[in-house]
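Let's take a quick walk through a few spots in this protein. Have the sequence and the 3D view open as you read.

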Amino acid sequence: MASFPPSVNEKLIARSRPIGELLAPTSPFDKKCGRENWTVAFAPDGSYFAWSQGHRIVKLVPWTKCFNNFLLHGTKNVTNSVNTRLSRENSDGGQKNKPCEHIIDCGDIVWSLAFGSSVPEKQSRCVNIEWHRFKFGQDQLLLATGLNNGRIKIWDVYTGKLLLNLMDHTEVVRDLTFAPDGSLILVSASRDKTLRVWDLKDDGNMMKVLRGHQNWVYGCAFSPDSSILCSVGASKAVFLWDMDKYSMIRKLEGHHNDVVACEFSPDGALLATASYDTRVYVWDPHIGVILMEFGHLFPAPTPIFAGGANDRWVRSVSFSYDGLHIASLADDKMVRFWSIEEDYPVQVAPLNNGLCCAFSTDGSVLAAGTHDGSVYFWATPKHVSSLQHLCRMVIRRVMPTSQVRNLPVPSKVVEFLSYLT
């Protein structure tokens with residue numbers, strides 16, 4: 001298990017190149033509370049970028065157009081140059097499939113966002129599928145918004161129309177994630193200590209309630225094949241769920257304080273978790289072992305002090321598309337880019353009051369949201385993947401750790417295809 005004292009050489013580490021920023025509009029009478037950007041998200045096909053701008057507002061921008069504007073006009077872009085405003089109930093503004101900039105009023109503070117796209121051959125799990133209010137086609141793109149009042153609103157991204165209003169949670173919906181397989185299965189994580197599974201192809205029917213967390217649930221993430229769900233929460237909780245049986249597989253133990261974010265690698269072989277204990281752990285989720293530790297405070301706090309008032313709480317973590325880089329965002333006003341092949345950050349970037357981060361679909365850009373509703377973007381590290389990493393990525397997409405270990409090949413080949421412990 002690798003760890004690194006982050007303060008030793010960070011002055012010598014390369015700074016990430018800023019790409020641009022989207023600054024939230026402000027007025028002299030704006031309340032600071034309620035402006036937080038708790039979540040940012042890129043559409044699976046890279047067509048849109050969305051973020052919670054504060055005060056009930058979600059902003060949707062065509063990502064390619066936004067990125068090109070940064071390249072042509074420099075980094076600054078104030079977000080009140082809006083061409084369409086959508087009401088919180090419904091609107092038909094914008095033509096379907098033609099990316100268009102929108103503002104959506106969700107009616108309450110927005111804590112979570114998730115894009116979902118439909119694959120028609122993935123049918124609803126509902127037995128009675130003779131009639132549904134919505135027929136989702138190949139080109140369907142949805143945006144789910146989790147609200148302060150426990151509601152989840154589902155929007156058609158192209159038209160801005162409100163499609164569904166899901167109302168079973170009793171507390172803040174802290175995170176949302178769609179199954180990557182195009183089934184439009186949505187999982188929500190809430191402060192009411194539950195995760196709920198929704199089938200949007202069955203008109204938003206709630207299929208299952210996953211119970212096991214004893215305190216707030218902060219985040220959730222699907223594995224790339226949609227078979228496993230990770231959920232994280234208060235009291236050091238990291239749980240893995242079998243999404244075919246809706247049962248708990250195992251608890252991952254190692255963090256010393258609340259765990260607030262999680263994400264799988266693109267091949268599903270690794271799981272990154274971020275905690276208030278100042279650490280990011282990278283796990284092998286199939287055997288429950290910590291492979292790497294990325295520390296944000298040196299020396300690392302002892303367990304009894306982990307998560308104290310040390311200005312190093314890790315707020316967010318994200319895995320890049322290349323499966324090689326991880327981004328973490330902490331309270332020490334720094335964004336760090338880590339490589340799973342190194343035990344130190346390969347790039348860093350300054351950021352005040354950061355709350356969340358996410359890589360673009362192609363992994364070339366990192367977006368980070370802040371307390372004032374703004375978003376900042378950086379170019380991600382450029383690196384040619386090794387032959388070993390490319391081979392691992394291919395084989396681990398279809399084989400868990402146990403199957404790789406049992407391959408009828410020389411032990412050196414098994415070692416070559418395994419992530420280090």
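What follows covers two loop residues and one helix, all in a predicted model.

## The loop at H213

Start with H213, which sits in the loop that links strand 16 (205-211) to strand 17 (217-222). Is H213 buried or exposed? With a relative accessible area of 5%, H213 counts as buried, because the cut-off for that label is under 20%.

As for its surroundings, leaving out residues up to four places away in sequence, H213 touches K193, L195, S231, V232, G233, A237 and F239. S231 deserves a second look: its side chain and that of H213 are joined by a polar contact of 2.7 Å.

## The loop at S320

Next up is S320, in the loop between strand 25 (314-319) and strand 26 (325-330). S320 is buried too, at a relative accessible area of 3%.

Which residues does S320 touch, not counting those up to four places away in sequence? They are P266, H325, F359 and G363. Of these, H325 belongs to strand 26 (325-330).

## Two faces of helix 1

Now for helix 1, which spans residues 63-73 and has W63, C66 and F70 as its buried residues. These three cover an arc of only 65° around the axis, so they end up on the same side of helix 1. The spacing helps make sense of this: an α-helix has 3.6 residues a turn, so residues three or four places apart point the same way.

And what does the face turned away from the buried side of helix 1 carry? There you'll find the exposed residues T64, L71, L72 and H73.

Definitions and conventions:
Residues are numbered from 1 along each chain as its sequence is written. This is a predicted model: local features need pLDDT of at least 70, side-chain atom pairs count only at pLDDT 80 or more; totals for chains, interfaces and linings use all residues. Side-chain values use heavy atoms; hydrogens and water are left out. Helices (H or I, at least four residues) and strands (E, at least two) are DSSP runs, numbered from the N terminus. Buried means under 20% relative accessible area, exposed over 50%, partly exposed in between (1.4 Å probe, protein chains only). A polar contact is a pair of N or O atoms within 3.5 Å; within protein, one must be able to donate a hydrogen and the other to accept it, and residues adjacent in sequence count only if both atoms are side-chain atoms. Contact means heavy atoms within 4.5 Å. The arc is that of the directions from the helix axis to the C-beta atoms.
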